[in-house]
Amino acid sequence: MNQYIENLLNQVPGLSPEEKHELASQLPVKEFEKGTILLQQGNVCTHCYHVFSGLVRQYFIDEEGNEKSVAFYCEGQTAALLDAESLDTVSRFFWKCEEDSVLLAGDLRSESDVLSRFPALQNLIRDMLQKALSTSQNTFASFVSSSPEERYQHLLNTRPDLFKRVPQHQNASFLGISPESLSRIKKRLSSSSSLP
């Protein structure tokens, strides 16, 4: 059994060894190269992804042609469109692998069939989606209630790895500021402490 899947399924109480083996054969773990587009803005989303290793960026392109980063999904996080009402809903976002990534690619079209055969999975999926929703809500709340400098400090405190893994212009976009503004904030704060 794939080690990633084995570790994931060990979190699900109530699955027999036979069920784990059958599920492991049906849950596709795929490797994606850096630069792979998993979802295109304007296309229907048919998959969700759980990140075992790597980094997936969620972004959109605005009317002026600018990329706006919305989320970064790293190890242990799930990329799912939480606002999709049905499989006919087109995505407002891109999902792109910013690093070579190993992902569980869940096919939304067969999800109900899998859940009906393995009801114990429902708790795991619900937990994954609740964590994704909580992260999204907390990020949004922090964004609208904070100054750019406070957003930078919050990101630095909660996700310092992003400053090593993500180019500055993408971090700046995620913080809602220009790369130049991010440079000024970092320079201003670096005089009092050691920052990345």
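1. A residue counts as buried when its relative accessible area is under 20%, and by that cut-off strand S3 is mostly covered, since 6 of its 7 residues are buried. The structure in front of you is a predicted model, and the points below should be read with that in mind.

2. Taken as a whole, the chain has 196 residues, of which 38% count as buried, and its secondary structure comes to 8 helices and 8 strands. Its C-alpha atoms fill a box of roughly 60 × 35 × 30 Å along the principal axes. Among the contacts in the chain with a separation of 6 or more, 69% are made by residues 24 or more positions apart.

3. The covered strand S3 belongs to an open sheet of 4 strands, whose order is S1-S8-S3-S6 and whose pairing is antiparallel. Strand S1 (29-32) and strand S6 form the edges of this sheet, each of them pairing on one side only. As general background, the strands of a sheet pair through backbone hydrogen bonds, and they may do so in a parallel or an antiparallel way.

4. It is worth following S3 to its partners in some detail. Strand S3, which covers residues 47-53, is joined to S6 by 2 bridges, with the two strands running antiparallel, while 6 bridges join S3 to S8, again in an antiparallel arrangement. Which residues are the bridge partners of Tyr49, in S6 and in S8? In S6 the partner of Tyr49 is Ala79, and in S8 the partner is Ala105. For His50, the bridge partner in S6 is Thr78.

5. Strand S7 (94-97) has pairings that can be traced in a similar manner. Strand S2, made of residues 37-39, is joined to S7 by 2 bridges and runs antiparallel to it, and strand S4, made of residues 56-61, is joined to S7 by 4 bridges, also antiparallel. Lys96 in S7 is a useful residue to look for here, as Ile37 stands opposite Lys96, and Lys96 is also the bridge partner of Arg57.

6. The largest nonpolar core has 17 residues, and those with the most contacts inside it are Ile5, Leu9, Leu23 and Leu121. Two or more residues of this core come from each of helix H1 (3-9), helix H2 (17-26), strand S8 (101-107), helix H3 (111-117) and helix H4 (121-145). Strand S8 therefore appears twice in this note, given that a strand is one DSSP run with one number: it contributes to this core, and it is also a member of the open sheet.

7. Leu9 is a good residue to examine within this core. Leu9 lies in helix H1, and it counts as buried because its relative accessible area is 0%. Which residues are in contact with Leu9, leaving aside its neighbours within four places in sequence? The residues concerned are Leu15, Lys20, Leu23, Ala24, Leu27 and Leu121. Two of these, Leu23 and Leu121, are also named with Leu9 among the residues that have the most contacts inside the core. The C-alpha atoms of Leu9 and Arg126 are separated by 14 Å, although the two residues are 117 residues apart along the chain.

8. Is Ser91 buried or exposed? Ser91 counts as buried because its relative accessibility is 3%, which is under the 20% cut-off. Ser91 is placed in the loop between strand S6 (78-79) and strand S7 (94-97). When its neighbours within four places in sequence are left aside, Ser91 is in contact with Leu39, Gln40, Gln41, Gly42, Asn43 and Leu81.

9. The largest pocket holds about 1,200 Å³ of space and is lined by 42 residues, of which Val70, Ala71, Thr135, Ser136 and Thr139 lie nearest its centre. By class, this lining has 17 nonpolar, 18 polar and 7 charged residues.

10. Where does the lining of the largest pocket come from? Strand S5 (67-73), helix H4, helix H5 (148-158) and helix H7 (168-175) each supply at least two of the lining residues. Helix H4 gives the most, with 14 residues. Helix H4 thus has a place in two parts of this note, as one of the elements that give two or more residues to the largest nonpolar core and as a contributor to the lining of the largest pocket.

Key:
Residues numbered from 1 in each chain as written. Predicted model: local features only at pLDDT ≥ 70, side-chain atom pairs only at ≥ 80, totals over all residues. Heavy atoms only, no water. Core = buried A, V, L, I, M, F, W, Y, C linked by side-chain atoms within 4.5 Å. Buried < 20%, exposed > 50% of the residue type's maximum accessible area, 1.4 Å probe, protein only. Contact = heavy atoms within 4.5 Å. Pairing = 2+ DSSP bridges. 1 Å grid on protein atoms, 1.4 Å probe; cavity = no way out; pocket = protein on both sides within 12 Å on 5 of 7 lines; lining within 4 Å. Points joined across faces, edges and corners; volume = space filled by probe spheres on them. Nonpolar A, V, L, I, M, F, W, Y, C, P; charged D, E, K, R; others polar.
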